[in-house]
Amino acid sequence: MNAVQHTIAVIGAGKMGEAILSGLLRAGWPATRLIATARRAERGEQLAERYGVRVLPNAEAAATADVLVIAVKPQDAGTLMVELAPAVPAGRLVVTLCAGLPTAFFEKRLPDATPVVRVMSNTPALVDQAMSAISAGSHASAEHLALTEEMLRPLGETLRLPESQQDAVTALSGSGPAYFYYLVEAMTDAGILLGLPRQVAHDLIVQAALGAAVMLRDTGEHPVALREAVTSPGGTTISAIRELESHRVRAAVLDAIEAARDRAREIAAAAE
Ligand SMILES: NC(=O)C1=CN([C@@H]2O[C@H](COP(=O)(O)OP(=O)(O)OC[C@H]3O[C@@H](n4cnc5c(N)ncnc54)[C@H](OP(=O)(O)O)[C@@H]3O)[C@@H](O)[C@H]2O)C=CC1
Ligand SMILES: O=C(O)[C@@H]1CCC=N1
C-alpha cells in the first residue's frame with residue numbers, strides 16, 4: 001500500500017488540522033493530494049496561500065478525497081456531520097481527531113459500514129514529535145489502521161490501542177504538552193523571583209526540559225533513578241522536592257489528569 005496515492009481532506013483545518021497538513025507536506029506528500037476545509041473564508045485563503053493545498057467546501061471535499069480527517073472541535077462535530085455525512089461516498093475512510101467522541105458517534109451518522117479510525121494526537125505534530133494513538137472503529141480493517149499509521153508516522157510516534165483507552169490517552173498525551181508548558185511558566189516565574197532575566201530563565205528551563213526528555217527517552221532509566229541522580233544528600237534538589245511533596249503536587253497531578261479524562265467523557269455525553 002502506498003498511502004501517498006490517497007487524497008486526504010482535513011475537515012476543519014484549525015490548529016491540529018494545520019499541524020497534520022504541514023507535517024504531511026514536510027514528509028513529501030504532494031499538495032495536489034491534500035484538501036482543507038474551513039468555516040471562515042479568510043482561514044481558507046490563509047491555508048491555500050500558506051500550503052498550496054486545495055480549499056473546498058465540506059461536501060465537495062468529502063466527495064473528492066478518499067480519506068477524511070475530522071479536525072473540528074468535538075462540540076462542532078454534530079453540526080458538521082449533518083452537512084458532511086450525506087456527501088460521504090461509501091467506503092471512504094474517516095479519521096477523527098476529536099477528543100472524547102467515540103467512533104460510534106461518527107458511524108451512526110455516516111453511511112452504513114463506513115470505516116472510522118479514532119486518533120488522539122497532540123500539537124508537537126508541528127515539529128514532527130507528536131504522539132498519535134490510533135484505535136479502530138467497528139468497520140475499520142487492519143488496512144485502514146495501517147493507512148492511518150502511515151499518514152501519521154512522519155509527524156512523530158504512533159501507537160495502536162483499544163478505543164476504551166482513548167479518553168485516558170487524551171488526558172495524558174493529548175493535553176500533556178499543556179501541563180509541561182504550565183510548568184515552564186511557573187518555573188520561569190521562579191527564575192524571575194530569584195532575580196534572573198526572564199529570557200535567561202526561559203532558556204535555562206527549556207534546555208533542562210529538553211535534556212530531561214531526551215534522558216527519559218534514550219537512557220531507558222526509570223524516572224525515579226534519573227531524579228535520584230540529581231538529588232544529592234543534603235543538597236539543593238531535595239529541598240525543592242520537600243516543598244513539592246508538602247504542596248501535594250503529585251496528588252494534584254493525579255487529580256488533574258483524572259479531571260481531563262472525566263471531561264472527555266462529559267464532552268461525549270453532551271454530543272450525543
Ligand atoms: N489542540 C490540541 O492540542 C488538540 C486537539 N485535539 C482535537 O483536535 C480537534 C481540533 O482541535 P483544534 O485544532 O485545537 O481546534 P481549532 O478550533 O483550532 O480547529 C477547529 C477548526 O474547525 C473549524 N470548523 C468548525 N466547524 C466547521 C465546519 N462546520 N466546517 C469547516 N470548518 C469548521 C474551525 O473554524 P473557526 O476557525 O471558524 O472556529 C476551526 O478552524 C478537536 O476535536 C480537539 O479535541 C486533539 C489533540 C490535541
Ligand atoms: O483541550 C482539549 O480538549 C484538546 C484535546 C486534547 C488537547 N486539547
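What share of the 272 residues of the protein chain count as buried? The share is 32%. These legends describe a predicted model.

**Figure 1. The whole protein chain has twelve helices and eight strands.** The C-alpha atoms fill a box of roughly 65 × 35 × 35 Å, taken along the principal axes. Contacts often link distant parts of the sequence. Take those between residues at least 6 apart in sequence: 66% of them join residues at least 24 apart.

**Figure 2. Eight strands form an open sheet.** Read across the sheet, the order is β3-β2-β1-β4-β5-β6-β7-β8. The pairing is mixed. Strands of a sheet pair through backbone hydrogen bonds, either parallel or antiparallel. Here, β3 (54-55) and β8 (156-160) stand at the edges. Each has a single partner strand, so one side of each is left without a neighbour in the sheet.

**Figure 3. Strands β2 and β3 run parallel.** Strand β2 covers residues 34-37. Two bridges join β2 to β3. Look for Ile35: its bridge partner in β3 is Arg54.

**Figure 4. Helix α6 lies across five of the strands: β1, β5, β6, β7 and β8.** The helix spans residues 142-152. To find the strands under discussion, use β1 (8-11), β5 (93-96), β6 (116-120) and β7 (130-136), along with β8 (156-160). Helix α6 runs at about 170° to β7.

**Figure 5. Ligand 1 is surrounded by 26 residues.** The closest are Gly12, Gly14, Lys15, Met16 and Ala99. Two helices, α1 (15-26) and α4 (74-84), each supply at least two residues of this shell. The largest share, four residues, comes from α4. What kinds of residue make up the shell around ligand 1? Ten are nonpolar, ten are polar and six are charged.

**Figure 6. Ligand 2 is surrounded by Ala99, Thr170, Gly174 and Ser175.** This shell divides into one nonpolar residue, three polar residues and no charged residues. Ala99 links this view to the previous one: Ala99 is among the closest residues around ligand 1, and Ala99 also belongs to the shell around ligand 2.

**Figure 7. Residues 7-100 carry a UniProt domain annotation.** The unreviewed entry names this stretch "Pyrroline-5-carboxylate reductase catalytic N-terminal". Over residues 7-100, the chain is 44% helix and 19% strand. The end C-alpha atoms of the stretch are 26 Å apart.

Technical notes: Residues numbered from 1 in each chain as written. Chains lettered and ligands numbered in written order. Predicted model: local features only at pLDDT ≥ 70, side-chain atom pairs only at ≥ 80, totals over all residues. Near = placed C-beta within 6 Å. Nonpolar A, V, L, I, M, F, W, Y, C, P; charged D, E, K, R; others polar. Pairing = 2+ DSSP bridges. Contact = placed C-beta atoms within 7 Å. Axes fitted to C-alpha atoms, helices over the stretch in contact; angles between N-to-C directions. Buried ≥ 20, exposed ≤ 12 C-beta atoms within 10 Å, placed from the backbone. UniProt positions renumbered as here; feature names shortened; annotations may be inferred.
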